[in-house]
Amino acid sequence: MSPINKSDKIFVAGHRGLVGSAIYRQLQQKGYTNIVTRSRSELDLSNQANVDAFFDEIRPDCVILAAAKVGGILANDTYPADFISDNIAIQTNVIRAAHSYNTKRLIFLGSSCIYPKLAEQPLREDCLLTGPLEPTNEWYAVAKIAGIKMCQAYKKQHGHDFFSLMPTNLYGPNDNFDLKTSHVLPALIRKFHEAKSSHGAEDAPVTLWGSGTPKREFLYVDDMADATVFAMEQPSDKIFDVAPDGILNIGVGEDIAISELAELIKSVLNSKSEIVYDTSKPDGTPRKLMDVTRINKLGWNAKISLEEGIQRSHQWFCENYLSTT
Ligand code: GFB
């Protein structure tokens, strides 16, 4: 039986972001009636006093911590101070308040970049802290590792039902399409879209960063939201039997080279652009494929194919992003 009732108060922290908004939609679809959200202007999660006052007033039964400062390889490499300090502040405030105000379950969302750069593939949850991190995103990774460790510590010291989900690279509606700060998949959708000629001339070339050889795994964000609500509904003993350290990887179990991803996006968008590489930009970690044995064992699998996800994301980009810029 699910430990969370349909009328329980569920606080989705970060409900306007890529993952938080998908989780919010999924909770609504599944009939949860008491979803609590706050925009950044209503509640600054990096301010401890504000977070405490909010928890004192609302006293959520369950918290899904999807609020974070996120970005692609260049944003991580350019703003290390923001990535480490904003994320540590947000997650520390929320996890401590969840402890102080007796939240019965907290789910912390991390990232696949927490694992060592050269760890054995696919990445198992127990390779955490077994080697050095990828330098372009170590600041963000260290913050996320601190969040995982805080959940483990509150579980160990206080018996709290706090655990962490590690999504692989996510994409979908509400993604960031800003070419300087985005991840690769939304960046390539935008680049191929904008390179298309509208008047019969040749499509312009599209420039990719790095060598195109790194491999990444991509999960459509609605699948991530489905996995999050699925995990939220599992009894605690089932979660901790499968994941004694309270970490569950969420992914599709397959990866693809960046050069192949570019070819796929090019074909979905029916583009004729030539692809060129700017090798002055970083490649980042060579490979980041998640081992998804644990979450599969609990009974969850990803459903949306990469091709379908790219189509949906491109449609969202055309209908929402282009109309607002
Ligand atoms: O998605 P991405 O920015 O992040 O880049 P990471 C993935 C790969 O795509 C890298 C290449 O090898 C990039 O060099 N790439 C090619 C591009 N063209 C582009 C482009 O136009 N834009 C971008 N952004 N990349 C991030 C971490 O790592 O992934 C975060 O920095 C987090 O901490 C996140 O873990 C999920 O997969 O390398």
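Start at the second largest pocket, whose lining splits into nine nonpolar residues, one polar and five charged. Keep in mind as you click around that this is a predicted model.

To find the spot, select Phe218, Val252, Glu254, Ser305 and Leu306: of the 15 lining residues, these lie nearest the pocket's centre. The volume here is about 200 Å³. Now colour strand β9, residues 218–220, which supplies the largest share of the lining, three residues.

Next, hop over to helix α7, residues 221–232. This helix gives eight residues to the largest nonpolar core, the most of any contributor. The core has 77 residues in total, and Leu27, Phe55 and Met232 are the ones touching the most other members. In soluble globular proteins, nonpolar side chains tend to be buried together.

Zoom in on Leu27. Which residues does Leu27 contact, leaving aside its neighbours within four places in sequence? Show Ile10, Val12, Tyr32, Ile35, Ile64, Val229 and Met232, and you have them. Apart from the largest core there is another one, of 24 residues; select Phe177, Val206, Tyr220 and Ile256 to see some of its members.

Last stop: Thr103, in the loop between α4 (80–100) and β4 (105–109). Is Thr103 buried or exposed? Thr103 is buried, because its relative accessible area is 4%, and buried means under 20%. Display what it touches beyond four places in sequence: Phe55, Pro60, Asp61, Cys62, Val63, Ala98 and Phe162. Then look at Pro60 once more, since its backbone oxygen lies 3.4 Å from a polar atom of the Thr103 side chain.

How values were computed: Residues are numbered from 1 along each chain as its sequence is written. This is a predicted model: local features need pLDDT of at least 70, side-chain atom pairs count only at pLDDT 80 or more; totals for chains, interfaces and linings use all residues. Side-chain values use heavy atoms; hydrogens and water are left out. On a 1 Å grid over the protein atoms alone, a cavity is a set of points where a 1.4 Å probe fits but cannot get out, and a pocket is an open set with protein on both sides within 12 Å along at least five of seven lines; lining residues have an atom within 4 Å of a point. Grid points are joined across faces, edges and corners, and a volume is the space filled by probe spheres set on the points. Helices (H or I, at least four residues) and strands (E, at least two) are DSSP runs, numbered from the N terminus. Ala, Val, Leu, Ile, Met, Phe, Trp, Tyr, Cys and Pro count as nonpolar, Asp, Glu, Lys and Arg as charged, and the others, Gly among them, as polar. A nonpolar core is a set of buried Ala, Val, Leu, Ile, Met, Phe, Trp, Tyr and Cys residues joined through side-chain atoms within 4.5 Å. Buried means under 20% relative accessible area, exposed over 50%, partly exposed in between (1.4 Å probe, protein chains only). Contact means heavy atoms within 4.5 Å. A polar contact is a pair of N or O atoms within 3.5 Å; within protein, one must be able to donate a hydrogen and the other to accept it, and residues adjacent in sequence count only if both atoms are side-chain atoms.
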